[in-house]
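Biologist: Before I rely on the labels attached to this model, I would like to hear the reasoning behind them, one label at a time.

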Amino acid sequence: MALVAEHRAVLGVDIVGSARLPGKHTAVARRIALGTVETALAERAAEVLHRSDTGDGALITVPGARVADLLDAAHAIDAALVEHNTWHRPQVRLRLSVESGPIGDAPDLYLPRKDAARLLDAEDFKRLLAHSLDPDDESRATTGLIVSDHVLRAAFAGDHTTRVRRAEFAPLPVRNKEFSTTAWVRIPGVDVKSLATPPTPRPPSTVTNNVGGDMHGVQTHTVNGNITLGGAR
């Protein structure tokens, strides 16, 4: 009979726009991002049980009792990166996620780790954060945090956090392939009321071409959009 794995918490980290960084800046941005995360965790004495590399970030597992510390750590990470981005380049902006659940000692992709990655990669979250980012305005968002509903309830069930408040989170329905849930988001520097009404995807633009006059001289290969032949004269 197998025992239920110990309850643990996962912090997901992903660098925003890393693919657009010049090659020489990619490694620097990653070093700054993960160094900032490690410092924030160490300041809260959150023991790192496992760390897996995700290319542009990491999935970091800590004891389940430290789940609220991850929310406070996200606040510290944001403050440190705001300071860095004010004075240094490359600028580093992060998506952060927190999930919790049964996770064994093996470095397997247990469900809470999968869900932390799914929250991090959800298009709804990416779109909301992209709408809040302004690379030319340091007063705008630097990080975005998304957490599951049960993480939010556990973290604010008592006096567990010191830097973040329940009122700073807004609900966000997310869907990532077969994964669908209502999560909670916090974006420092962005009013929570605006988070409650996330931007909707823009419909594809259409182009209408009106051609008048003698049609004998019109030649075309591939046409995208609408063509009106003739029209008002």
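Modeller: A helix here is a DSSP run of H or I at least four residues long, and helices are numbered from the N terminus. The model is a predicted one, and its protein chain comes to six helices and nine strands.

Biologist: What follows H1, and what makes that residue worth a remark?

Modeller: Alanine 45 comes after H1, with a positive phi near 55°. The remark concerns the sign of the angle, a positive value in a residue other than glycine. Alanine 45 is placed in the loop between H1 and strand S2 (50-53).

Biologist: How do you know that the span of H1 is close to the expected one?

Modeller: The expected span is 1.5 Å times one less than the number of residues. Helix H1 (residues 23-43) has 21 residues, for which 30 Å is expected, and the distance from its first C-alpha to its last is 31 Å, which is close to that value.

Biologist: Which residues of H1 are buried, and what do they pack against?

Modeller: The buried ones are Ala29, Ile32, Ala33, Leu34, Thr36, Val37, Ala40 and Leu41, and they pack against S1, S3, helix H2 (67-87) and strand S4 (94-102). An α-helix has 3.6 residues a turn, so residues three or four places apart point the same way.

Biologist: Why is serine 97 called buried?

Modeller: Serine 97, in strand S4, has 0% relative accessibility and therefore counts as buried, since the cut-off is under 20%. Leaving out residues up to four places away in sequence, serine 97 touches Val10, Leu11, Gly12, Ala116, Leu119, Leu120, Leu145 and Ile146.

Biologist: What is the distance between the side chain of serine 97 and the backbone oxygen of alanine 116?

Modeller: A polar atom of the serine 97 side chain lies 2.9 Å from that oxygen, to be set against a limit of 3.5 Å for a polar contact.

Biologist: Why does threonine 143 count as buried, and what polar contact does its side chain make?

Modeller: Threonine 143, found in strand S5 (residues 143-147), has a relative accessibility of 3%, and therefore it counts as buried. Its side chain makes a polar contact with the side chain of aspartate 78 at 2.8 Å. Beyond its neighbours within four places in sequence, its contacts include Leu81, Leu129, Arg186 and Pro188.

Biologist: Why is lysine 177 classed as it is, buried or exposed?

Modeller: Lysine 177 is in the loop between strand S6 (170-176) and strand S7 (179-186), and it counts as exposed because its relative accessibility is 73%, where the cut-off is over 50%. Its phi is near 60°, again positive in a residue other than glycine.

Biologist: How do the residues lining the second largest pocket divide by type?

Modeller: Five are nonpolar, one is polar and four are charged. Among the lining residues, Val13 and Leu59 are counted as nonpolar because Val and Leu are in that class, while Asp14 and Arg95 belong with the charged ones. H3 gives the most to this lining, with three residues, and the pocket has a volume of about 170 Å³.

Technical notes: Residues numbered from 1 in each chain as written. Predicted model: local features only at pLDDT ≥ 70, side-chain atom pairs only at ≥ 80, totals over all residues. Heavy atoms only, no water. 1 Å grid on protein atoms, 1.4 Å probe; cavity = no way out; pocket = protein on both sides within 12 Å on 5 of 7 lines; lining within 4 Å. Points joined across faces, edges and corners; volume = space filled by probe spheres on them. Helix = DSSP H or I, 4+ residues; strand = E, 2+ residues; numbered from the N terminus. Buried < 20%, exposed > 50% of the residue type's maximum accessible area, 1.4 Å probe, protein only. Contact = heavy atoms within 4.5 Å. Polar contact = N/O pair within 3.5 Å; in protein donor to acceptor, adjacent residues only side chain to side chain.
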